[in-house]
Amino acid sequence: MLPVNYGGHAAYQYTFVSEFLALFPDPFAVPKQTWDIIVKFWYLDLSETDTIMQEFYSLLGKPATRFPSCLLRSYLLSIMLKVDSITEWSRLLKITPLYAILSGFPADDTPDVGTFYDFFNRLWQSDKDNYISQIKHKKAKPEKGKKRGDKTPCDTDSAAAKLLPLMQRIHLPNNNPFFLVFRLYKAQFLDESVRRGLVNPCHISLVGDGTPLETARLERFKRICNCPKGSDCGCKRKFSQPDCNWG
């Protein structure tokens, strides 16, 4: 059943203060680095997440005990603390009361791994695990420099010159699998930044450089053809993570 958060962000702040003082009677004993994180999440109002995601919960059944705003806040906290394993993060929530109450959970009642993955499944609006088909061709390797130490030639005509027309031509449908993630980002981060004057929508410029940047994970695939092993055939491969790529 859908969760209803009547108190919103004010309720989160009130509960956090009462539980924080119970854990730390002397707040000055908390390190400054920890206070920096606390202040950021104190002002991070994610209560609109509960309203936006109501339509993705059933109207019947047992009421949800975990607010989507708390699950999202907890996931953002794990990213800030550089914890990239949900299993590890679930364990840390159970043994670190500060992480629990900063997420919005009672210190003695934190979500398990399955609760986080149920939340992720609601964010990913598709029955398929991947946006792109697992069966596809390998990417062509870029031409390397002719001499040892030379940089890879920049094919400006085939890359940069085609980027803008491509972006103008392609329009993601409203029902794409990750539209809910974009909706949450726009409502709670982008629009809020514009409202506070941090972003001026009338003066936005996009700037890029040639810095190599890893944007995802290394492509992993296996052969599905009967070509001899070791041959560099052009047949399609089966990718375990087809949405991942290199930047």
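This is a short tour of the chain, stop by stop, with a selection to make at each one.

**Before you start**

The model is predicted, so local features need pLDDT of at least 70 and side-chain atom pairs count only at pLDDT 80 or more, while totals for chains, interfaces and linings use all residues. Residues are numbered from 1 along each chain as its sequence is written, and side-chain values use heavy atoms, with hydrogens and water left out.

**Whole chain**

Show the cartoon. The chain has 9 helices and 3 strands. These are DSSP runs, numbered from the N terminus: helices are H or I with at least four residues, strands are E with at least two. Follow the order along the sequence: α-α-α-α-α-α-α-β-α-α-β-β.

Switch to the surface. Its accessible area is about 17900 Å², and 58% of that belongs to carbon and sulfur atoms. Areas come from the Shrake-Rupley method with a 1.4 Å probe; for residues, only the protein chains shown count as cover. Of the 247 residues, 25% count as buried. Buried means under 20% relative accessible area, exposed means over 50%, and partly exposed lies in between (1.4 Å probe, protein chains only).

Contacts here are heavy atoms within 4.5 Å. Among contacts between residues at least 6 apart in sequence, 69% join residues at least 24 apart.

**Stop 1: α1 against α2**

Select residues 8-23, helix α1, together with α2. The two pack at about 150°, with their axes 10 Å apart. Axes are lines fitted to C-alpha atoms, for helices over the stretch in contact, and angles run from 0 to 180 degrees between N-to-C directions. α1 and α2 are therefore roughly antiparallel. The cut-offs: under 35 degrees is roughly parallel, over 145 roughly antiparallel, 65 to 115 roughly perpendicular, and the rest oblique.

Now show side chains. α1 brings His9, Tyr12, Gln13, Phe16, Val17 and Phe20; α2 brings Trp35, Ile38, Phe41, Trp42 and Tyr43. By class, this contact has 9 nonpolar, 2 polar and no charged residues. Ala, Val, Leu, Ile, Met, Phe, Trp, Tyr, Cys and Pro count as nonpolar; Asp, Glu, Lys and Arg as charged; the others, Gly among them, as polar.

**Stop 2: α2 against α4**

Keep α2, residues 32-43, and add α4. Their axes come within 12 Å and cross at roughly 150°. This pair is therefore also roughly antiparallel. The α2–α4 crossing is right-handed: the near helix is turned clockwise from the far one by less than a right angle, where anticlockwise would be left-handed.

Pick Ile37, Lys40 and Phe41 on α2, then Arg73, Leu76, Leu77 and Met80 on α4. This contact divides into 5 nonpolar, no polar and 2 charged residues.

**Stop 3: α4 against α5**

Hide α2 and bring in α5. The axes of α4 and α5 are 11 Å apart, at an angle of about 105°. That makes α4 and α5 roughly perpendicular. Ser74, Tyr75, Leu77 and Ser78 of α4 meet Ile86, Trp89 and Leu93 of α5. The classes are 5 nonpolar, 2 polar and no charged.

**Stop 4: two serines in α4**

Is Ser74 buried or exposed? Ser74 is buried, with a relative accessible area of 0%. Find it in α4, residues 68-80. Leaving out residues up to four places away in sequence, Ser74 touches Trp89, Leu93, Ser103, Phe105 and Phe116.

Move to Ser78, in α4 as well. Ser78 is buried at 1%. With the sequence neighbors up to four places away left out, Ser78 touches Val83 and Trp89.

**Stop 5: the α4–α5 loop**

Select Lys82, in the loop between α4 and α5 (86-95). Lys82 has a positive phi of about 60°, although it is not a glycine. Lys82 is exposed, at 75% relative accessibility.

Ser85 lies in the loop between α4 and α5 too. Ser85 is partly exposed, at 29%. Draw a C-alpha to C-alpha distance from Ser85 to Val113: 9.8 Å in space, 28 residues apart in sequence.

**Stop 6: Pro106**

Finish in the loop between α6 (97-103) and α7 (113-123), where Pro106 sits. Pro106 is partly exposed, at 35%. Residues up to four places away aside, Pro106 touches Glu19 and Ala100. Pro106 and Glu19 are 87 residues apart in sequence and 8.3 Å apart, C-alpha to C-alpha.
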